[in-house]
Amino acid sequence: MQITVSTQQKLRIEGADRLDPIEVFLDDIAPRQGRITINCYGQSWTAYWGGMGDRTIAEFILSCDEDYLANKLSNMRSSLPDYNGLNQAAKAELLSERRQYGISQEEARDLFERLSHSVERECEIDTDAMHSIFGDEWWHNIPHKPNPDYQYLCRIINATKDGIRQAQNLRLIEGVAESTAMEAHANG
């Protein structure tokens with residue numbers, strides 16, 4: 001039988017700018033292994049690392065940038081297709097083609113009118129108009145806009161890192177490194 005004792009710390013972060021209270025669970029499972037779980041407003045994100053070097057999970061989290069952590073904690077994309085922006089780009093391209101290549105005023109007006117409605121979803125795109133303006137691989141011209149859910153997660157991650165830093169400065173989570181070192185020595 002093998003028994004493993006891990007050290008888990010819980011932080012509650014309140015008062016972060018435009019965020020509900022955040023609960024952070026830091027779990028130093030074994031030497032060089034750790035897990036973090038973040039809860040905020042009914043949503044949870046968790047990640048595990050099996051190779052953190054000689055750092056605790058708190059030290060490891062502080063050494064990572066927000067994009068790496070967001071991608072480890074979630075599979076959401078940092079940006080989303082901006083289908084309405086595609087219409088705006090198509091209109092600009094259409095005007096440029098009218099000036100440069102002299103497409104007829106009637107053809108330009110017809111395409112411009114087809115692009116005059118707002119597009120929020122991919123299924124609303126006038127693919128024939130896009131093909132006429134951008135060519136066969138028109139979808140490469142779809143612009144992207146920041147994903148608000150990803151930005152929200154990054155704000156939570158930054159607040160979490162600030163909370164961990166403050167807890168370390170107050171020596172509230174100092175014992176984590178010591179207990180992990182003792183476990184490493186005992187397993188040693």
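**Entry 1: the cavity**

I searched the whole structure and found one cavity of 30 Å³ or more. I note at once that this is a predicted model. The largest cavity has a volume of about 30 Å³. I then asked which residues line the largest cavity. They are I36, I38, I61, L69, L73, I157 and T160. By class, I count six nonpolar residues, one polar and no charged in this lining. I also looked up the elements behind it. β3 (33-40), α2 (66-73) and α6 each supply at least two residues of the lining.

**Entry 2: the pocket**

Next I turned to the largest pocket. I read about 180 Å³ of space in the largest pocket. Its lining includes L11, R12, I13 and E14. Further along the chain I find, among others, A159, D162, G163 and Q166 in the lining. Two elements, β1 (7-13) and α6 (148-169), each supply at least two lining residues. Which element gives the most to the lining of the largest pocket? I find that α6 does, with five residues. Sorted by class, the pocket lining has seven nonpolar, two polar and three charged residues.

**Entry 3: the sheet**

α6 came up in both linings, and β3 lines the cavity. I went on to the strands. I see an open sheet of four strands in the order β1-β2-β3-β4, with antiparallel pairing. Why is one side of β1 and of β4 left without a neighbour in the sheet? β1 and β4 (43-49) stand at the edges, and each has a single partner strand, so one side of each has no neighbour there. I read an average twist of 10° from one strand to the next.

**Entry 4: helices on the sheet**

I checked what packs on the sheet. α2 does, touching β3 and β4. The direction of α2 makes about 100° with that of β4. α6 packs on the sheet too, touching β1, β2 (22-30), β3 and β4. The angle between the directions of α6 and β1 is about 110°.

**Entry 5: strand pairs and turns**

I took the pairs in turn. β2 and β3 pair in the antiparallel sense over eight bridges. Within this pair, D27 stands opposite R35 in β3. The two strands form a hairpin with two residues between them. R32 lies in that turn and has a positive phi of about 70°.

β3 also runs antiparallel to β4, and seven bridges join them. I find T37 opposite T46 in β4. I36, seen earlier in the cavity lining, has A47 of β4 as its bridge partner. The hairpin of β3 and β4 has two residues between the strands. There Y41 takes a positive phi near 50°.

**Entry 6: F134**

I picked one residue away from the sheet entries. F134 lies in helix α5 (residues 127-134). Which residues does F134 touch, not counting those up to four places away in sequence? I find L86, A89, A90, E93 and N141. A89 is 45 residues from F134 along the chain, and their C-alpha atoms are separated by 9.8 Å.

**Entry 7: confidence**

Last, I looked up pLDDT. The mean for the protein chain is 86, and 90% of its residues reach 70 or more. Over residues 175-188, pLDDT stays under 50. The model has 14 contacts beyond four places in sequence for residues 175-188. Where pLDDT is low, the predicted coordinates should not be read in detail.

Key
Residues are numbered from 1 along each chain as its sequence is written. This is a predicted model: local features need pLDDT of at least 70, side-chain atom pairs count only at pLDDT 80 or more; totals for chains, interfaces and linings use all residues. Side-chain values use heavy atoms; hydrogens and water are left out. On a 1 Å grid over the protein atoms alone, a cavity is a set of points where a 1.4 Å probe fits but cannot get out, and a pocket is an open set with protein on both sides within 12 Å along at least five of seven lines; lining residues have an atom within 4 Å of a point. Grid points are joined across faces, edges and corners, and a volume is the space filled by probe spheres set on the points. Ala, Val, Leu, Ile, Met, Phe, Trp, Tyr, Cys and Pro count as nonpolar, Asp, Glu, Lys and Arg as charged, and the others, Gly among them, as polar. pLDDT is the predictor's confidence in each residue, from 0 to 100. Contact means heavy atoms within 4.5 Å. Two strands pair if DSSP finds at least two bridges between them. Axes are lines fitted to C-alpha atoms, for helices over the stretch in contact, and angles run from 0 to 180 degrees between N-to-C directions.
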